[in-house]
Amino acid sequence: MDKQEIIKAFHMMWDKFPEPIMLITKDRQIHAVNKKAASLGLNDQMKCSSIGSPEQHKGCLCNQAADTREAVYKAYEGQFGRAYGFWIPVEGAEEYIIHFGVGSTFEYPM
């Protein structure tokens, strides 16, 4: 798949997800964002490592996901309590990583 096909597939799968999601590469460049991420000012002209404070990126697992070509995640304290960050390589185009958090910007009802 070429880059434009990957970006199109990303939008088809993730645009309606209630939390921000980014398509990134190991160099932290953002290549696409879903609608929620765009509404928060994120775009493909920035690096995900430039979002927020440097402290927020200390546990970044992007390199691990890129190097092992396996999904990785970690738990952390978000604004609504426990949240989970994910880095998931794209099957067949593992240089791209789907990066998002669950529980980071959306409070899930019981």
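## Salt bridges, a hairpin and two cores

Lysine 58 and glutamate 55 bring their side chains together in a salt bridge, 3.3 Å from N to O. Keep in mind that this is a predicted model. A search through the whole structure turns up three salt bridges, and the tour below takes in each pair before moving on to strands, aromatic rings, nonpolar cores and a histidine.

**The lysine 58 pair**

- Both partners are out in the open: lysine 58 is exposed at 65% relative accessibility, and glutamate 55 is exposed too, with a relative accessible area of 54%.
- The cut-off for exposed is over 50%, so glutamate 55, at 54%, makes it into that class.

**The aspartate 67 pair**

- Aspartate 67 and lysine 26 meet through their side chains in another salt bridge, with 2.5 Å between N and O.
- This pair links distant parts of the chain, since its members sit 41 residues apart.
- Aspartate 67 belongs to helix H3 (residues 62-68), while lysine 26 is in the loop between strand S1 (21-25) and strand S2 (30-33).
- Aspartate 67 is exposed, at 53% relative accessible area.
- Lysine 26 comes out as partly exposed, with 39% relative accessibility.

**The glutamate 94 pair**

- Glutamate 94 and arginine 69 form a salt bridge between their side chains, at 3.4 Å from N to O.
- Glutamate 94 sits in strand S5 and arginine 69 in the loop between H3 and strand S3 (72-78), so this bridge ties together parts of the chain that are 25 residues apart in sequence.
- Is glutamate 94 buried or exposed? Glutamate 94 is buried, because its relative accessible area is 17% and the cut-off for buried is under 20%.
- Arginine 69, on the other hand, is exposed, at 52% relative accessibility.
- The two side chains also register as a polar contact, again at 3.4 Å.
- What else does the side chain of glutamate 94 approach? One of its polar atoms lies 3.3 Å from the backbone nitrogen of glycine 92.
- Leaving out residues up to four places away in sequence, glutamate 94 touches Arg69 and Pro89.
- Strand S5, which holds glutamate 94, covers residues 93-102.

**The S3–S4 hairpin**

- S3 and strand S4 (residues 81-90) run antiparallel and are joined by seven bridges.
- Two residues separate S3 from S4 in this hairpin.
- Which residue stands opposite arginine 82 of S4? That would be glutamate 77.

**Aromatic rings**

- The structure has five aromatic pairs.
- Among them is the pair of tryptophan 14 and phenylalanine 17, an edge-to-face arrangement with centres 5.5 Å apart and 80° between the planes.
- The edge-to-face label fits because the angle is 80° and the cut-off is over 60 degrees.
- Phenylalanine 17 is partly exposed, at 26% relative accessible area.
- Trp14 and Phe17 are also members of one aromatic cluster, along with Tyr73, Phe86 and Phe100.

**Nonpolar cores**

- The largest nonpolar core contains 14 residues.
- Inside this core, the residues with the most contacts are Met22, Ile24, Ile30, Val33, Trp87 and Ile97.
- S1, S2 and H3 each put in at least two residues, and H3 gives the most, with three.
- There is a second, separate core of eleven residues, with Ile6, Ile7, Ile21 and Val90 among its members.
- Val33 from the largest core has a long contact list of its own: valine 33 touches Phe10, His11, Asp15, Ile21, Met22, Ala38, Leu42 and Asn43, not counting residues up to four places away in sequence.

**Histidine 11**

- Histidine 11 is located in helix H1 (residues 3-14).
- Its relative accessible area is 28%, so histidine 11 counts as partly exposed.
- Which residues does histidine 11 touch, not counting those up to four places away in sequence? Histidine 11 touches Ala32 and Val33.
- The side chain of histidine 11 makes a polar contact of 2.9 Å with the side chain of aspartate 15.
- Histidine 11 and serine 49 are 38 residues apart in sequence, and their C-alpha atoms are 21 Å apart in space.

Definitions and conventions
Residues numbered from 1 in each chain as written. Predicted model: local features only at pLDDT ≥ 70, side-chain atom pairs only at ≥ 80, totals over all residues. Heavy atoms only, no water. Helix = DSSP H or I, 4+ residues; strand = E, 2+ residues; numbered from the N terminus. Polar contact = N/O pair within 3.5 Å; in protein donor to acceptor, adjacent residues only side chain to side chain. Contact = heavy atoms within 4.5 Å. Salt bridge = Lys/Arg side-chain N within 4 Å of Asp/Glu carboxyl O. Buried < 20%, exposed > 50% of the residue type's maximum accessible area, 1.4 Å probe, protein only. Pairing = 2+ DSSP bridges. Phe/Tyr/Trp six-rings, centres within 6.5 Å; stacked < 30°, edge-to-face > 60°. Core = buried A, V, L, I, M, F, W, Y, C linked by side-chain atoms within 4.5 Å.
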